[in-house]
Structures are given as structure tokens and as C-alpha cells.
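The exercises below are meant for a reader who has not met this structure before. Work through each task with the model in view, and then compare your reasoning with the solution.

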Amino acid sequence: MLDIADQLSHWCEQGRAFAVATVVAVHGSAPRQPGAALAVDVDGTVIGSVSGGCVEGAVYDLCHEALASATCTLQRFGYSDEDAFAVGLTCGGVLDIFIQPVIPTQRVELVGALAAAAAADAVALARVVRGPADLMGGALFVRADGSCAGAFSDPALEATARAEATVFLEAGRTGTIEIDARGSRCGEPLTLLVESIAPTPRMLVFGAIDFAAALVSIGKYLGYHVTVCDARPLFATPARFPEADEVVADWPHRYLESQALDGRTVICALTHDAKFDIPLLQQALRLPIAYIGAMGSRRTHLQRLGQLRESGVTEAELARLHSPIGLDLGARTPEETAVSIAAEIVAHRRGASGQPLTHTDGPIHRATTSQPHPTRDRGGVGGPPDGGRV
């Protein structure tokens with residue numbers, strides 16, 4: 001529901017009761033991901049979407065029923081061979097959707113979470129979407145400073161929900177976790193949906209070269225806040241990188257030391273110059289960030305590994321390094337190389353192999369109930385021959 005926080009917060013300010021339907025889980029191929037929401041107020045006004053149109057009519061009716069009964073419900077929508085356009089998902093997937101009535105004067109924790117999200121503050125909201133009837137719809141939210149509002153009847157469950165919400169917020173994730181009614185990982189199961197709103201993820205591009213200019217463009221397209229950093233002031237100028245959010249003239253490792261980064265940050269080292277790369281990678285490989293890639297030929301990569309080992313970097317830390325950077329697309333131009341790098345970042349983030357879809361079978365969209373953790377260890381992604389990289 002945080003994805004429509006602006007409108008819902010306005011309704012709360014007006015004291016308007018509403019019901020909100022939130023995608024809890026996706027199985028197979030579906031147009032929206034966990035956290036997507038649709039809301040209906042007492043007058044029948046609709047905002048948001050849970051399926052891009054496939055099941056909106058049925059969800060609208062369920063929201064009205066939830067307002068009338070003042071009860072929460074969890075519904076599953078899937079493909080129907082008999083009438084795919086009536087209630088089923090024509091894409092062939094399955095959606096679990098949680099419908100919850102909200103009376104602003106009675107749900108101060110939801111009002112607070114919506115207000116924080118609407119103000120662009122970092123916030124995570126945890127709600128019970130499956131479990132004992134007396135717990136359904138229970139919620140709390142956590143801010144980036146660690147403060148928390150809302151409560152559960154059991155202190156152990158509340159502590160677990162708060163801890164999990166904090167982890168999700170730090171990583172900028174939305175998804176579900178299965179625990180029991182006392183907060184442990186065993187016993188009668190209940191499901192917590194944790195939604196998070198966090199600042200724009202960052203892409204740090206080190207090396208003010210023509211390949212960096214192309215990568216800045218595609219990084220912005222993917223929604224990153226992009227910084228270009230180079231120790232040479234002559235090259236690190238805003239005029240050369242007009243699409244970058246910031247251009248910094250500083251030594252890469254010194255700039256990295258000064259930054260507060262989270263688990264969604266990606267680093268692309270494009271200098272392929274040891275005096276810049278080695279101090280930078282020594283630090284970067286020890287940070288809990290999403291992706292670290294370094295440009296260079298296979299010979300450069302082997303030399304770099306040797307220098308990093310000599311400097312004390314462990315094998316486990318080296319395993320996080322994507323080098324040569326990018327997927328094997330046969331890229332040669334700066335623009336093609338930028339696409340190759342972006343493709344590897346996306347594949348790593350989603351836990352995918354990066355293979356052509358024609359070489360795979362099964363659903364196009366991976367069946368997950370949450371977005372993969374951005375600090376997952378690197379999968380085995382091959383690179384092109386030296387001629388395909390710079």
C-alpha cells in the first residue's frame with residue numbers, strides 16, 4: 001500500500017474510510033509485484049492497480065465487502081480456462097491479494113506509515129496477511145532512525161516483526177516472511193508482508209571515460225541516482241556527464257570512504273588502472289552493497305586479482321567481484337558495453353542466469369514472494385573474450 005501512499009495519506013487527513021488491496025505474493029507470470037495496491041473509499045473512488053486490469057473488478061467488489069464487514073481477507077486469483085477475462089489472469093500467473101479495511105481514526109500506525117511514505121521518508125510497514133483471525137491486519141512500521149509505531153499482542157511477535165522490517169528497509173525490499181504467532185521460525189505459521197520505501201538506489205561510476213557517459217545514461221534509465229567520480233579534475237566535469245546526478249573530482253577510494261551506502265548500491269569501476277582500482281576495490285569488496293564490477297581484459301583481471309590478494313582481500317570477498325564487467329553480448333561500443341553492464345546488474349539483482357529466453361523453459365517471470373536480497377553472492381556469469389571488453 002506504500003506505493004499509493006500519497007493518495008491514501010490524503011484520504012487519512014480527510015478522515016475517509018477505505019479498503020486497500022495489496023499484492024502479497026506472485027506465482028508464475030503476473031503484471032504486478034508484491035506491494036502493488038488498489039484502494040477503494042466509502043464513496044467508491046478507486047486508486048491504484050493490482051493486476052494491470054485482469055482482476056481489478058473482482059478486487060473492487062472485495063474492497064466494498066471488506067468495508068461493510070470490517071474484516072480482512074486474503075484471496076487468490078489465477079488463470080481460468082473457462083473464462084480467463086472474468087476473474088482470471090490472462091498472463092497465466094497467480095496473485096495472492098490481501099484486502100484490509102482502514103478507518104483512519106482507529107489505525108494510527110497505518111496513518112503514520114502512509115504519512116511518512118508520502119513525505120518521501122524511508123519507512124517499512126509490516127502487516128500480518130495470513131494467520132489467526134485475531135492477528136490478521138495487525139501492523140507496525142519502522143523508520144530509518146529505528147523508531148517504531150504500532151504493536152502486536154505478543155511481545156515476541158512484535159520484536160520479530162520490527163527486526164524483519166528493519167532488515168527489509170535497509171535493503172529497500174518488499175516481500176513476505178513466514179513465522180509463527182510467537183515470532184519464531186517454527187510453529188503455527190503466519191505470514192508477514194513487509195513493504196519498504198527507501199531513497200533512490202545509487203550507482204557509483206568510477207572513471208570519467210566515454211564508457212562512463214553511456215553507463216550514466218542507462219543507469220538513470222534504470223532509476224539509479226548516478227555519481228561519476230574520477231581523480232582527474234580535467235575529465236570529471238559536469239559538462240562531460242550532463243545526465244549524472246553528481247560529478248566528483250576525487251580519488252575513488254577516498255570518495256567511497258565518505259559515503260553512506262546501502263544494500264542496493266552498485267559500483268562500476270571503469271578506470272582499469274591499478275593505482276585507482278586496487279585501493280577502491282579493497283574497500284568496496286568489504287561493503288554490504290549489491291554489485292561490484294570492474295572493467296578490463298582477462299589479463300588485467302588476473303593481474304588485479306593477484307594485487308588484491310597481496311593486499312589482504314580474501315577469496316570470499318574476491319568472489320563478489322564481477323570482472324570482466326558485464327554479460328557476454330558481443331559489445332564493443334560504449335553504448336553496447338553499457339547495455340552489457342546494465343544487463344548483468346539486473347540479472348544479479350534478480351538472481352537470474354542472464355541466458356536468452358529461447359534457451360530456457362518455464363515461466364518468463366521467476367516465481368518469488370519477495371525481491372531477491374541485493375547482497376546475494378555472485379552467480380557464475382561468464383564473460384566474453386578479451387576482444388569483447390575494454
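**Exercise 1. Find the bridge partner of Phe18 in S5, and then describe how strand S1 is paired and covered.**

Solution. Begin with the single pair: Phe18 has Val102 as its bridge partner in S5. This pair belongs to a ladder of 9 bridges between S1 and strand S5 (residues 94-102), which run antiparallel; strands are DSSP runs of E with at least two residues and helices are runs of H or I with at least four, both numbered from the N terminus, and two strands pair if DSSP finds at least two bridges between them. Next, turn to the other partner, strand S2 (residues 37-41), with which S1 forms 5 bridges, also in the antiparallel sense. Here Thr22 stands opposite Ala37 in S2. Finally, check the cover: of the 10 residues of S1 (residues 18-27), 9 are buried, where buried means under 20% relative accessible area, exposed over 50%, and partly exposed in between (1.4 Å probe, protein chains only).

Before going on, note that this is a predicted model, in which local features need pLDDT of at least 70 and side-chain atom pairs count only at pLDDT 80 or more, while totals for chains, interfaces and linings use all residues. Residues are numbered from 1 along each chain as its sequence is written, and side-chain values use heavy atoms, with hydrogens and water left out.

**Exercise 2. Work out which residues of helix H8 are buried, and why they lie on the same side.**

Solution. First, locate the helix: H8 covers residues 298-310, and its 13 residues reach 19 Å from the first C-alpha to the last, close to the 18 Å expected at 1.5 Å a residue (the expected span is 1.5 Å times one less than the number of residues). The buried residues in H8 are His301, Arg304, Leu305 and Leu308. They are on the same side of H8 because they cover an arc of only 105° around the axis, the arc being that of the directions from the helix axis to the C-beta atoms. The face turned away from this buried side carries the exposed residues Arg299, Leu302 and Glu310. As a last step, look for the cover over the buried residues of H8, which includes helix H7 (274-284), strand S15 (291-294), helix H9 (315-318) and strand S16 (321-322). After H8 comes Gly312, whose phi is positive, near 105°.

**Exercise 3. Trace the order of the strands in the open sheet of 6 strands, and find which elements supply the largest nonpolar core.**

Solution. The order in the open sheet is S13-S12-S11-S14-S15-S16, and the pairing is parallel. Strand S13 (246-249) and S16 are the edge strands, since each pairs on one side only. Within this sheet, S11 and S12 share 5 bridges, and Val205 has Val228 as its bridge partner in S12.

Now consider the largest nonpolar core, which has 26 residues, with Met203, Val205 and Ile345 among those that have the most contacts inside it; such a core is a set of buried Ala, Val, Leu, Ile, Met, Phe, Trp, Tyr and Cys residues joined through side-chain atoms within 4.5 Å. Strands S11 (202-206), S12 (225-230) and S14 (266-269), together with helices H5 (210-221) and H10 (334-350), each give two or more residues to this core. The largest share, 6 residues, comes from H5.

Key: Contact = heavy atoms within 4.5 Å.
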